[in-house]
Amino acid sequence: MDFTPTEEQEAARELAGRIFADLATHERLRAAGTGTDAELWKALCAAGLPGAVEETGLLGLVLLLEEQGRVTAQVPFAASCAYGILAVGRHGTDEQRTRLLPGLRGGTTVVTGAFPASGTVSAHDGRLSGTVEWVPWLRDATHVLVPDEDRDLWLVPLVPPGPPEEDAVRVDPVELTAPWSAGRLVLDGAAGERLGRQCGARVGASGGAYEDVLAVARIAFAGLQAGVCAGSLARAVEHTSVREQFGRPLSTHQAVQLRAADAHMDTEAIRVTAYEAAWRFDEGLDAGGAALTAAWWASEAGKRVVHAGQHLHGGTGADLDHPVHRHFLWGRQLDAYLGGGTELLAELGALLAEGDLS
């Protein structure tokens, strides 16, 4: 395997890094609250970065999301690419791709996903009913990708609500640990359009739209966690290099060095497992087990890294307005969104027991 970025992937990453560094400043993030930074999202789409994922693949997306995670930029990049551009591009019909992809590339269409579903949604004759307790970026999305209880995928438009008796789709605001503009999705006979065939095949084989999209999302959000951890660690290194104790920089103390070294190794483990899973996916290999492995590292090691980053800031890290605290909140939220280390490890164990882990 070769994780060396192509020229196109490297160019996209450098461009994304510049845009995020210029616009995702602490002041702008504080002003954005829990919503999307509309100017930043517009700049990313004008630069063609969401659409570039179609050419650079899932590994290219992971590289872009690392740059987002470094600064915890408030845009639905991961969600709209994983549940929108890649899902529609791989599983949509020719008509769906023609209709939806231009808006997804330009940012006027934003898709999020009810993955993993925290409720039960049933489908009957193209009408969906049920509740998903929280969906990231739901308040800023135009569509949501919903798996039903049979793991068929449905794309549901989020239209402005009408009178109560006509509300087939309702979005209730939900505040999460991280400011992800989340919402509670309530469907009551909502119209949805089918995306992909019925699942059942392994990721990398024919069919299996649900498993395919779930693997993409796990890998993408693991890449985002790699960036969050790298940003947290970079802030801790900067802080301990200039902050002195007993006349010496904190970074010269062995305990600080060891804590930072452990955080560095955890961050690298998250990055390399996300890269491997993305590479396998792009190569058309079975990526289900690799996606689970990347998600486990992102969940289990990610929370260790953001805790270390906050700890190494001492009392400063307890300041809710300090940038490193935002990394802490994002790291813990990603841990929860990916499913938690224990649950992911149990799923990995089940694959091992079945002899179905590549």
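Hi everyone, this short talk covers an enclosed cavity and one buried valine in a predicted model.

Two notes on the source. Local features need pLDDT of at least 70 and side-chain atom pairs count only at pLDDT 80 or more, while totals for chains, interfaces and linings use all residues. Residues are numbered from 1 along each chain as its sequence is written, and side-chain values use heavy atoms, with hydrogens and water left out.

Let's begin with the empty space. A cavity here is a set of points on a 1 Å grid over the protein atoms alone where a 1.4 Å probe fits but cannot get out. Points are joined across faces, edges and corners, and the volume is the space filled by probe spheres set on them. One cavity of 30 Å³ or more turns up, and the largest has a volume of about 40 Å³.

Who lines it? Lining residues, those with an atom within 4 Å of a point, include Q68, F77, W137, W180 and W330. Helix α5 (77-91) and helix α7 (209-242) each give two or more residues, with α5 supplying the largest share, three. Helices are DSSP runs of H or I, at least four residues, and strands are runs of E, at least two, numbered from the N terminus.

Now please find V146, in strand β4 (residues 143-147). V146 counts as buried because its relative accessibility is 0%, and buried means under 20% relative accessible area with a 1.4 Å probe, protein chains only. Beyond its neighbours within four places in sequence, V146 is in contact (heavy atoms within 4.5 Å) with residues including A114, V121, W154 and L187.

Conventions: 1 Å grid on protein atoms, 1.4 Å probe; cavity = no way out; pocket = protein on both sides within 12 Å on 5 of 7 lines; lining within 4 Å. Buried < 20%, exposed > 50% of the residue type's maximum accessible area, 1.4 Å probe, protein only.
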